[in-house]
Amino acid sequence: MLEPMQKVDRAQIALNVMSGLNKTEATLLQELEALGRMVAAAKEEIAAMRVENVDATHLPAATDELDEVVKSTADAANEILDVCETLENLQPGLAPEAADIVAVCVTRIYEACAFQDITGQRIGKVVNALKQIEQRVRETTGRFAPSAALPARTAPPRTEGERLANGPQAGAAASSQAEIDALLASFD
Amino acid sequence: MDKSTNVLIVDDYKTMLRIIRNLLKQLDFNNVEEATDGQEALSKLRAGNFGLVISDWNMEPMTGLDLLKEVRADARLKALPFIMITAESKTENVVAARAAGVSNYIVKPFNAETLREKIEKVMAHA
């Protein structure tokens, strides 16, 4: 913050400088001054943001909701697995043909229940993204309103396994089992 | 293929552990133990006598890749068949796992036939 005398000094300097400027230079100076005012206004707006609503209410609520989705799908998947195990236990008492059909159907259900793992990992990625957004918002506002700043975090060193752990891939980034088999075979 | 072998399955999703256990049971593997991260798995492997590891990648505090590296660095465990079952399907992940000595790699979602085929393959080379 400038003291009153400093402001007067700067204004005097500006007047002195402007008196020696041509029209283009004066226009440029005015534009710069306008930009400076805009930046100052933006700083004030950012400093006045109610960041605590974002990091104390909205984001935790969003992550809680997502955690609940994961829990609900896990509960549903486990319920389905309970039923499958009951059906498997009935197999010895069934006619061979019926037992085979039950075995095939139960296997297909097991395979399908893997959805819970995949969706859980995808939701985990969203939760991590939300946490990063929260951190960035707090860091940005903290620059202009120091009271909202979080203490600086130092990320611990990551292993190769952690660095490459990105969860399920989407679209073209994902390799199929056949592509992975071919890749592994290329090393033999 | 010796189906009496002890199998350790490692995944931080309990549902996935249950699915893999049930699929192994269908393949007549009945000696199955579970761990929910790499560190717990490593403790069990060092304390026990296992013939096959089936591990997820993305776990805390120790990932499947880091578990694999520990296994390959351990004189007693280094030849243990190790199958990675993971949603990590990028080429760089497969290459890193291969460099670390993975026996085979299955991408999620997978089917029972793929699991059977990869187990047969790695056990044949064990």
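**Exercise 1. The big pocket**

Sort the lining of the largest pocket by residue class: how many are nonpolar, polar and charged?

*Solution.*
- Step 1. Count by class: the lining has 11 nonpolar, 11 polar and 12 charged residues. Here Ala, Val, Leu, Ile, Met, Phe, Trp, Tyr, Cys and Pro go down as nonpolar, Asp, Glu, Lys and Arg as charged, and the others, Gly among them, as polar.
- Step 2. Find the middle. Of the 34 lining residues, A:G124, A:N128, A:Q132, A:R158 and B:E60 lie nearest the centre of the largest pocket.
- Step 3. Ask which elements contribute. Helix 3 (51-90) and helix 5 (115-144) of chain A are the elements giving two or more residues to this lining. Helix 5 of chain A gives the most, with 15 residues.
- Step 4. Add the volume: the largest pocket holds about 1300 Å³ of space.

Terms: on a 1 Å grid over the protein atoms alone, a pocket is an open set of points where a 1.4 Å probe fits, with protein on both sides within 12 Å along at least five of seven lines, and lining residues have an atom within 4 Å of a point. Points are joined across faces, edges and corners, and the volume is the space filled by probe spheres set on them. Helices (H or I, at least four residues) and strands (E, at least two) are DSSP runs, numbered from the N terminus.

Before going on, keep in mind that this is a predicted model, where local features need pLDDT of at least 70, side-chain atom pairs count only at pLDDT 80 or more, and totals for chains, interfaces and linings use all residues. Residues are numbered from 1 along each chain as its sequence is written, chains are lettered from A and ligands numbered from 1 in the order in which they are written, and side-chain values use heavy atoms, with hydrogens and water left out.

**Exercise 2. The runner-up**

Which residues lie nearest the centre of the second largest pocket?

*Solution.*
- Step 1. Go to A:D188, B:S103, B:N104, B:K121 and B:V122, from a lining of 15 residues.
- Step 2. Look for the elements: helix 7 (177-187) of chain A and helix 5 (112-124) of chain B each supply at least two lining residues.
- Step 3. Break the lining down: seven residues are nonpolar, three polar and five charged.
- Step 4. The volume comes out at about 330 Å³.

**Exercise 3. Chain A and its cysteines**

How many disulfides does the structure hold over all chains?

*Solution.*
- Step 1. Recall that a disulfide is a covalent bond between the sulfur atoms of two cysteines; the cut-off used is a sulfur pair within 2.5 Å.
- Step 2. The count is zero over all chains. A:C105 is in no disulfide, and its nearest cysteine sulfur, in A:C84, is 9.6 Å away.
- Step 3. Try A:C113: the closest cysteine sulfur is also that of A:C84, and at 6.0 Å it is too far for a bond.
- Step 4. Check the surroundings. A:C113 is buried at 3% relative accessible area, while A:C105 is partly exposed at 38%. (Buried means under 20%, exposed over 50%, partly exposed in between, with a 1.4 Å probe and protein chains only.)
- Step 5. Zoom out: chain A has seven helices and zero strands, and 23% of its 188 residues are buried.

**Exercise 4. The annotated aspartate of chain B**

Is B:D56 buried or exposed?

*Solution.*
- Step 1. Start from the record: an unreviewed UniProt entry lists B:D56 under "modified residue: 4-aspartylphosphate". Such annotations may be inferred rather than shown by experiment.
- Step 2. Place B:D56 in the loop between strand 3 (52-55) and helix 3 (64-73) of chain B.
- Step 3. With 1% relative accessibility, B:D56 is buried.
- Step 4. Frame it: UniProt's "domain: Response regulatory" (unreviewed entry) spans residues 6-123 of chain B. That stretch is 47% helix and 18% strand, with its end C-alpha atoms 12 Å apart.

**Exercise 5. Odd backbone in chain B**

Where does B:P61 sit, and what is the omega of the peptide bond from B:E60 to B:P61?

*Solution.*
- Step 1. B:P61 belongs to the loop between strand 3 and helix 3 of chain B.
- Step 2. The bond from B:E60 is cis, with omega near 5°.
- Step 3. Move on to B:K108 and B:P109, also joined by a cis peptide bond, with omega about -5°. B:P109 is in the loop between strand 5 (104-107) and helix 5 of chain B.
- Step 4. Finish with B:D28, not a glycine, yet with a positive phi of about 75°. B:D28 falls in the loop between helix 1 (14-26) and strand 2 (32-35), and is partly exposed at 48%.
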